[in-house]
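Welcome! Here is a short guided walk through one protein model, written for someone meeting it for the first time. Keep the viewer open and follow along.

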Amino acid sequence: MVPAPTGDDSGQPAGRALPLPVAAPMAVVAGLALLAAFPPYGLWPLAPLGVALLAVATHRRRVRAGAGLGLLTGVALFAPLLSWTNLHTGYLPWVLLSLLQAGYLALLGAAGAYASPLVDRVRWSWPAVTGVLWVGQEALRDRTPFGGFPWGRLAFSQDESPLLRLAALGGAPLVTFAVALTGGLVGVALWRAWESPLRRAPIAALSAAAVAVPVVGLLVPVSGAGGGDAVTVAIVQGNVPRLGLDFNAQRQAVLNNHVDATIELAGQVSAGVRPRPDLVVWPENSSDIDPLRDTDAGARISQAADAVGAPILVGAVLRGPGEGQVRNAGILWRPGSGPDLEQLYTKRHPVPFAEYVPMRDLARMVSKQVDRVRADFVPGSEPGVLRTGAAVLGDVICFEVAYDEVVRDTVTGGAQLLVVQTNNATFDVAEARQQLAMVRLRAVEHGRPALMASTVGVSGFVAPDGRVSDATGFNTRAVVVRQLRLDDGRTLATRVGLWPEVALATLAVVALVGAGVLRRRPHAG
C-alpha cells in the first residue's frame, strides 16, 4: 500500500491527486452517468459509475477544490434531470433549483476530499465511507430548505435494478447506500488502476465485489402479490385539453373529462366488457373546482359515482379554511351519498414556490412567476389513511411520494394499498416516469400493491415486488382496471423507519470526525 498522506491545517491532503484537467471532465462525466441512470434513460448500472468518478476526482484534493468538482457533477446531473421545471415557468426557476440541488453535491465533493486522509490510512474503508457520505448528503437535501426536495436520490435510479429489493430492508437510504458502496468499490479499483496499474489482482477483486453487491439484492425476498383480500380498482386518466400552466383555466373541461371517462367505464361494466370496480381513483387536480362548495361540480362527481356504482377517490382543490387559503386534497365520493368528509386527506407537504410561496416579496424580486400562485395551499396534519370499505388506502399526493415518512405514516396507519394521485400536466413524460420509479420503490419498501393516477400520464399499477402493469401513455385519455391483492403485513423497512438513515448518516459524521483527527495527527510513513 502507498504510504498514507499527511494532512495539514490548510485542508490540502498530501500525496498525489488526479491532475485537475483530468478530474474536472471526470466530475462532469460523473454527473452525466448519474443522469443516465434515471428514467427515462434507465441505465441503472451507470449510477455506481457516476459515484465512483466523483469519488476519484475529489480524492486528495483541497476541500474547496472538492466542492468545485462536486458542483460540476451536480450541475451536470440536476440541470437536465430537472429540465421539466422550465417547460412553462421560464428558465430562472429551473436554473435556481438546479443550482440549489447541485450545491448539495458540492458539499458531498468537499466531504469526499476532506475524508481523503481516512480512506488513505484505511483503504478498505473507502467504499463504506463513500456510501455513508451519500446517505448523509441525501438526508440533508431531503429536508432543507423549506422541507427539502428529494428528487434525484440514488435510490430512485434503481427501479429496474436488483438493488431495489433492498428497499424492503431499509428503504430508500439503504438502496442509496448500496449504490454508493458499489460506486466506492469501483472507485477504489479505478484509483488502483491509476496509481498501481501493474497490480491487477486487487483491481480484479474490487471489480468482482462491485458486481456482487447488486447480485446480493436478488437474495432479498419480496412478494409478487399481496396476501390479503382481492379488490378491483379502476384508474381514470381523463387528460387535459392542453398541457401547461393554464391547465387551471381549463378546470371545468378537466372535471368533465374525468366524469365522462368514468361514465363510459360504467357503460362497459353494464355491457359486461369490464369488471365492476370496488374503487375508482381520479388523479390530483381532477376537480380544481371545489366540489364541496360548487353544487354543479359536486353533482357531476355524484353522477359519475352513481353510474359506476363505486366510491371515487377525487383529487380536489378545496377552498379554505381561511381567507385566501386552499387545500390540495383527496376526498372519497360515495355513490348515493356523495362526499364522505370523514375520509378526506389534505396534502401534508405542499411544494414551496409552486403551491405556496415562502417570503413572497423577496421571491417576486427573483421571478414574477410566483404570483401565479394566488392562494397558498395549507398543509394537512394527518396521514392519508382513507377507508373505502373495500380497502384501506394510503393516499399521498404528487411529490409527496419522494418523502419517506409521508408514505410510511400511511402504512403504519393501516394502509393496505398505496395510492399516488398526481398531476403531470405542467411537466413532461420524463418527470412522470421519474415519479413512477419512486412509486415502485415505495411498493417494495412497504410490501404493498400501489398505483399512480395522473391527469395526463403516466398512470399504472405496481406490484409489491416493483413490477408495473397497465402503464398508460402520456397526454392521452385512458381507463385501466385491475384486480389487486391487498396486504397489511409489515416489512423490516416499515418497522425500522428512519433508523437506517439515522445510523448511516451518523457514520458519515463519524467518518468526517475521524478524517479531521487524522489531518491534525502526522502519520509516520
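This is a predicted model, and the average pLDDT of the protein chain is 91, with 90% of the residues scoring at least 70. Residues 1-13 are a stretch to treat with care: pLDDT stays under 50 there, and the model has 37 contacts beyond four places in sequence for them.

**The sheet**

Let us begin with an open sheet of 6 strands. Its order is β7-β8-β9-β10-β11-β12, and the pairing is mixed. The edges are formed by β7 (385-387) and β12 (468-469), each of which pairs on one side only.

Both senses of pairing can be seen here. β8 and β9 run parallel to each other, joined over 5 bridges, and along this pairing V396 stands opposite V420 in β9. By contrast, strand β10 (residues 450-454) and strand β11 (residues 460-462) are antiparallel partners over 3 bridges. There, L451 has F461 in β11 as its bridge partner.

Two helices accompany the sheet. Helix α13 (residues 429-446) packs on it and touches β9, β10, β11 and β12, with a direction at about 160 degrees to that of β10. Helix α12 (residues 404-412) lies across β7, β8 (392-397) and β9 (417-422), and runs at about 165 degrees to β8.

How many of the residues of β9 are buried? The count is 6 of its 6 residues. In a regular strand, side chains alternate between the two faces of the sheet. In β9, L417, V419 and Q421 point one way, while L418, V420 and T422 point the other way, and all are buried.

**Helix α12 and D409**

Helix α12 is mostly covered too, with 7 of its 9 residues buried. The buried residues are D404, V406, V407, R408, D409, T410 and V411. After the helix comes G414, which has a positive phi near 115 degrees.

D409 deserves a closer look. This residue sits in helix α12, and its side chain makes a polar contact of 3.1 Å with the side chain of R348. Setting aside neighbours within four places in sequence, D409 is in contact with R348, P383 and V385.

**The aromatic cluster**

Now for the rings. The structure holds 10 aromatic pairs, and ring pairs link W84, F149, W151, F399 and F427 into a cluster. Two of the pairs involving F399 are set out below.

| Ring pair | Centre distance | Angle between planes | Arrangement |
|---|---|---|---|
| W84 and F399 | 6.0 Å | 75 degrees | edge-to-face |
| W151 and F399 | 4.8 Å | 55 degrees | tilted |

Why does the pair of W84 and F399 count as edge-to-face? The planes of the two rings stand at 75 degrees, and planes over 60 degrees apart count as edge-to-face. For W151 and F399 the angle is 55 degrees, so the pair is tilted.

Where do these residues lie along the chain? W84 belongs to the loop between α3 and α4, and F399 to the loop between β8 and α12, so their pair ties together parts that are 315 residues apart in sequence. W151 is in the loop between α6 (126-141) and α7 (167-195), so its pair with F399 ties together parts 248 residues apart in sequence. W84 and F399 are buried, and W151 is buried as well.

**S83 and Q137**

Beside these rings in the sequence there is S83, found in the loop between α3 (63-81) and α4 (91-114). The C-alpha atoms of S83 and F427 are separated by 9.2 Å, although the two residues are 344 residues apart along the chain.

Is S83 partly exposed or buried? Its relative accessibility is 28%, so S83 counts as partly exposed. Q137 offers a contrast: its relative accessible area is 6%, which is under the 20% limit, so Q137 is buried. Q137 has its place in helix α6, and it touches Y104, L105 and L108, not counting residues up to four places away in sequence.

**Looking back**

The walk has taken in an open sheet of 6 strands, a mostly covered helix α12 and a cluster of rings that includes F399. To revisit one spot, try F399 in the loop between β8 and α12, where its ring pairs with that of W84.

Key:
Residues are numbered from 1 along each chain as its sequence is written. This is a predicted model: local features need pLDDT of at least 70, side-chain atom pairs count only at pLDDT 80 or more; totals for chains, interfaces and linings use all residues. Side-chain values use heavy atoms; hydrogens and water are left out. Two strands pair if DSSP finds at least two bridges between them. Helices (H or I, at least four residues) and strands (E, at least two) are DSSP runs, numbered from the N terminus. Contact means heavy atoms within 4.5 Å. Axes are lines fitted to C-alpha atoms, for helices over the stretch in contact, and angles run from 0 to 180 degrees between N-to-C directions. Buried means under 20% relative accessible area, exposed over 50%, partly exposed in between (1.4 Å probe, protein chains only). A polar contact is a pair of N or O atoms within 3.5 Å; within protein, one must be able to donate a hydrogen and the other to accept it, and residues adjacent in sequence count only if both atoms are side-chain atoms. pLDDT is the predictor's confidence in each residue, from 0 to 100. Rings of Phe, Tyr and Trp (its six-membered ring) pair if their centres lie within 6.5 Å; planes under 30 degrees apart count as stacked, over 60 as edge-to-face and the rest as tilted.
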